[in-house]
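Please open the model in your viewer and keep the selection panel at hand. The tour below goes from stop to stop, saying what to select next and what is found there.

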Amino acid sequence: MHGVTVSSLITKMKLRNATPELDTEKTVLTHPEVNRPALQLAGFFDHFDHERIQIVGTVERAYVSTLTQERKMEVYERLLSSKIPCLVYCRGMDPDEDILTLANYYDVPVLVSEQSTSDFMAESIRWLKVQLAPCISIHGVLVDVFGEGVLIMGESGIGKSEAALELIKRGHRLVTDDVVEIRKVSDETLIGSSPDITKHFIELRGIGIIDVKTLYGVESVKNTQQIDMVIKLEDWDKDREYDRLGLEDQYTEFLGNQVVCHSIPIRPGRNLAIIVESAAVNYRQKKMGYNAAQELYNRVQANLNKRSD
């Protein structure tokens with residue numbers, strides 16, 4: 001499983017490192033959840049998930065202050081020796097010298113946040129869930145069209161990048177070309193992004209690599225985008241029956257999540273950018289409760305009923 005370094009957590013959450021002599025770059029977080037070690041400080045270590053960030057709030061600090069020095073050192077040692085990734089004190093509370101001494105001995109970073117305990121927990125869980133989400137890489141182009149994330153797929157050379165460039169010229173935003181990194185951040189949400197090495201670049205056969213951000217400005221690119229629909233480009237097959245009404249949505253699956261999918265046959269003279277725009281707007285309209293195909297079906301049925309009367 002991939003992980004996030006404690007250094008990244010410090011930077012993201014604006015934490016103060018109370019153990020600066022420890023190397024936070026080598027300590028890796030692999031679990032998106034956090035834990036408040038209230039029961040552990042009371043001596044109960046059954047079912048203790050030591051892989052989580054351990055967070056000390058006002059309640060934990062108040063409880064420790066009631067312990068004798070001997071008992072306090074005992075629970076501190078047991079907590080820090082269990083190979084926790086880091087210990088975070090919230091509300092700007094300074095850790096005492098005893099725990100800092102043991103933290104340096106057991107190589108456990110001790111950090112301080114100015115946020116309230118609840119706020120820090122919520123934000124760190126949200127951020128870690130994104131960073132540690134299951135991730136796959138696929139071949140395609142991801143574009144933000146009218147706020148909808150459209151993933152364009154198809155064989156190499158079929159025109160995905162050209163369609164994306166035309167969309168960019170029409171005011172839409174590129175997320176990534178060629179390689180799309182997809183993260184499952186929830187059972188309903190897939191987030192697409194670009195590998196750092198190809199970010200904001202598009203490859204056009206016969207021309208080469210172009211930098212979209214430099215050519216069209218910062219408003220033409222975006223770092224991440226939720227994937228709302230997939231458009232698969234394929235060569236026109238005159239013997240195949242294509243969906244001409246769209247009464248029933250077709251789906252494709254990534255990481256166990258279902259995404260609406262349209263197969264678009266490619267033929268000379270078809271303006272792909274217009275088709276993608278129309279698909280995005282139609283998808284948005286369906287989300288708002290209006291289905292043009294269903295409306296046409298209802299009209300046809302009403303007309304047939306009139307004739308039968």
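Throughout the tour, a residue is called buried when its relative accessible area is under 20%, exposed when that value is over 50%, and partly exposed in between, with a 1.4 Å probe and protein chains only. The model is a predicted one, in which local features need pLDDT of at least 70 and side-chain atom pairs count only at pLDDT 80 or more, whereas totals for chains, interfaces and linings use all residues. Residues are numbered from 1 along each chain as its sequence is written, and side-chain values use heavy atoms, with hydrogens and water left out. Helices (H or I, at least four residues) and strands (E, at least two) are DSSP runs, numbered from the N terminus.

**Stop one: the hairpin**

Select residues 179-184, which make up strand β12, together with residues 190-193, strand β13; the two run antiparallel and are joined by four bridges. Two strands are said to pair if DSSP finds at least two bridges between them. The connection from β12 to β13 is a hairpin of five residues, and Glu 181 can be found opposite Ser 193 of β13.

Now add Lys 184 and Asp 187, whose side chains meet in a salt bridge with an N to O distance of 3.9 Å. The term stands for a side-chain nitrogen of Lys or Arg within 4 Å of a carboxyl oxygen of Asp or Glu. Is Asp 187 buried or exposed? Asp 187 counts as exposed, at 67% relative accessibility, while Lys 184 is partly exposed, with a relative accessible area of 22%.

From β13, go on to β16, with which β13 pairs in the antiparallel sense over three bridges; here Gly 192 has Gln 225 in β16 as its bridge partner.

**Stop two: a network of charged side chains**

Select Lys 222 and Asp 144, which form a salt bridge with their closest N and O atoms 3.2 Å apart. This pair links distant parts of the chain, since Lys 222 lies in the loop between α8 (212-216) and β16 (224-226) and Asp 144 in strand β9 (residues 141-145), 78 residues apart. Asp 144 counts as buried at 4% relative accessibility, whereas Lys 222, at 24%, counts as partly exposed. Adding Arg 173 to the selection completes a network of salt bridges that links Asp 144, Arg 173 and Lys 222.

**Stop three: an enclosed helix**

Next, select residues 160-169, helix α7, where seven of the 10 residues are buried, so the helix is largely enclosed by the rest of the structure. The buried residues of α7 are Lys 160, Ser 161, Ala 163, Ala 164, Leu 165, Leu 167 and Ile 168. Just after α7, Gly 171 takes a positive phi of about 100 degrees.

**Stop four: the open sheet and its helix**

How many strands form the open sheet with mixed pairing? There are five, in the order β2-β7-β6-β5-β4. At the edges stand β2 (16-17) and β4, each with a single partner strand, so one side of each is left without a neighbour in the sheet. Within the sheet, select strand β5 (residues 53-56) and strand β6 (residues 87-89), which run parallel and are joined by three bridges, with Gln 54 opposite Leu 87 in β6. Helix α6 packs on this sheet and touches β4, β5 and β6, its direction making about 165 degrees with that of β5. Contact means heavy atoms within 4.5 Å, and the angle, on a scale from 0 to 180 degrees, is taken between N-to-C directions of axes fitted to C-alpha atoms, for helices over the stretch in contact.

Now select Lys 129 and Glu 33, a salt bridge in which the closest N and O atoms are 3.3 Å apart. This pair too links distant parts of the chain, with Lys 129 in helix α6 (residues 117-131) and Glu 33 in the loop between β3 (28-29) and β4 (34-35), 96 residues apart. Lys 129 is partly exposed at 36% relative accessibility, and Glu 33 is partly exposed at 24%. The structure holds 17 salt bridges.

**Last stop: a buried lysine**

Finally, select Lys 72 in helix α4 (residues 69-80), which counts as buried at 14% relative accessibility. Leaving aside residues up to four places away in sequence, Lys 72 touches Val 64, Leu 67, Asp 96 and Asp 98.
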